[in-house]
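This report describes the fold and selected local environments of one protein chain. The text begins with a single site and then turns to the helices and the chain as a whole.

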Amino acid sequence: ADPAGTRKAPVDAVKAIAAKHAAKNWENLVVLGIGGSALGNIALQSALKPTTHNLQPAGERHGPRLFVLDNVDPANFAAVMAQCQPEKTLFNVVSKSGETAETAAQFMIIRDLLAKSVGENASDHIVAVTDAEKGTMRQICDAAGYDTLPVPDGVGGRFSVLSPVGLFSAAMNGVDIDALLDGAHEMETKCRNPELAQNPAAKLATILVHLGKGRSNASGS
């Protein structure tokens with residue numbers, strides 16, 4: 001829902017930057033984030049794209065291969081980067097402050113890698129989703145000239161998937177983000193219905209409570 005009229009500006013910004021980078025035909029999109037900054041991207045990809053997305057030929061998958069690096073495990077990080085030539089890869093770093101340790105560590109590695117591989121063109125390979133006005137990441141982005149998208153004020157990471165945090169990777173992979181948001185609004189409306197039988201979230205909650213009580217009773221506790 002958009003009662004305050006706040007939806008258009010961030011969606012238009014996502015579309016503009018996604019269109020800019022779609023024109024560059026990146027082979028890979030690597031998202032750097034942790035927690036909600038990563039899980040939302042993974043959820044959208046899993047829900048709206050086939051599990052074979054990264055295996056499909058470029059002409060069939062409607063966007064770059066998508067990798068989400070949500071921790072600093074060196075084996076996993078190295079394995080992904082072995083498949084992603086920096087020259088052919090766009091990196092989407094997601095951090096409101098820029099001071100989340102795991103994401104900052106990932107970003108430092110990628111910045112060094114890009115500096116060595118593409119030199120002065122490194123800034124072309126980075127899109128940051130961060131605070132619109134303040135924070136360490138905002139300072140870095142302004143100094144380096146990265147493309148940026150805003151993390152909305154008052155939106156926690158676990159609730160951020162339908163903001164630029166999750167919408168950018170979705171748009172890059174051909175998802176109709178307007179339709180996605182319209183669908184979310186429709187479901188939100190249904191989940192506000194006070195009639196239990198007409199509210200899918202309330203029905204699910206009720207079923208889970210009864211299942212939990214049944215298991216508890218069955219165990220004799």
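In this predicted model, Ala 132 is located in the loop that joins strand 4 (126-130) to helix 5 (136-144). Its relative accessibility is 48%; because buried means under 20% and exposed over 50%, Ala 132 is classed as partly exposed. Leaving aside residues up to four places away in sequence, Ala 132 touches Arg 138 and Pro 150. Asp 73 lies elsewhere: Ala 132 and Asp 73 are separated by 59 residues in sequence and by 29 Å in space, C-alpha to C-alpha.

A second partly exposed site is Ile 207, which belongs to helix 8 (residues 200-218). Ile 207 has a relative accessible area of 48% and therefore falls in the partly exposed class. Between the C-alpha atoms of Ile 207 and Val 129 there are 37 Å, the two residues being 78 residues apart along the chain.

Helix 3 (residues 74-82) shows how burial can be distributed around a helix. Its buried residues are Phe 77, Val 80 and Met 81. Why do they lie on the same side of helix 3? The arc that they cover around the axis is only 95°, which places them on the same side of helix 3. In general, an α-helix has 3.6 residues a turn, so residues three or four places apart point the same way. The face of helix 3 turned away from the buried side carries the exposed residues Ala 75 and Ala 82. The cover over the buried residues of helix 3 includes strand 2 (65-69), strand 3 (89-94) and helix 4 (101-117).

Helix 6 (residues 164-172) takes part in two helix contacts, with helix 1 (residues 8-22) and with helix 7 (residues 177-191). The geometry of each pair is set out below.

| Helix pair | Angle | Distance between axes |
|---|---|---|
| Helix 1 and helix 6 | about 35° | 9 Å |
| Helix 6 and helix 7 | about 135° | 10 Å |

The crossing of helix 1 past helix 6 is right-handed. On the helix 1 side, the contact consists of Pro 10, Val 11, Val 14, Ile 17, Ala 18, His 21 and Ala 22; these meet Pro 164, Leu 167, Phe 168, Ala 171 and Met 172 of helix 6. By residue type, the contact of helix 1 with helix 6 comprises 11 nonpolar residues, one polar residue and no charged residues.

The orientation of helix 6 relative to helix 7 is oblique, because angles of 65 to 115 degrees count as roughly perpendicular and those over 145 as roughly antiparallel. Leu 167, Ala 170 and Ala 171 of helix 6 form this contact with Ile 177, Leu 180 and Leu 181 of helix 7. The residues in the contact of helix 6 with helix 7 are six nonpolar, with no polar and no charged residues. Leu 167 and Ala 171 of helix 6 appear in the contact with helix 1 and also in the contact with helix 7.

Turning to the whole chain, the protein has eight helices and five strands. Along the sequence these follow the pattern α-β-α-β-α-β-α-β-α-β-α-α-α. The C-alpha atoms fill a box of roughly 65 × 45 × 40 Å along the principal axes. Of the 221 residues, 35% count as buried. Among contacts with a separation of 6 or more, 68% are between residues 24 or more positions apart.

Technical notes
Residues numbered from 1 in each chain as written. Predicted model: local features only at pLDDT ≥ 70, side-chain atom pairs only at ≥ 80, totals over all residues. Heavy atoms only, no water. Axes fitted to C-alpha atoms, helices over the stretch in contact; angles between N-to-C directions. Helix = DSSP H or I, 4+ residues; strand = E, 2+ residues; numbered from the N terminus. Left-handed = near helix turned anticlockwise from the far one by under 90°. Contact = heavy atoms within 4.5 Å. Nonpolar A, V, L, I, M, F, W, Y, C, P; charged D, E, K, R; others polar. Buried < 20%, exposed > 50% of the residue type's maximum accessible area, 1.4 Å probe, protein only. Arc of directions from axis to C-beta. Parallel < 35°, antiparallel > 145°, perpendicular 65-115°, else oblique.
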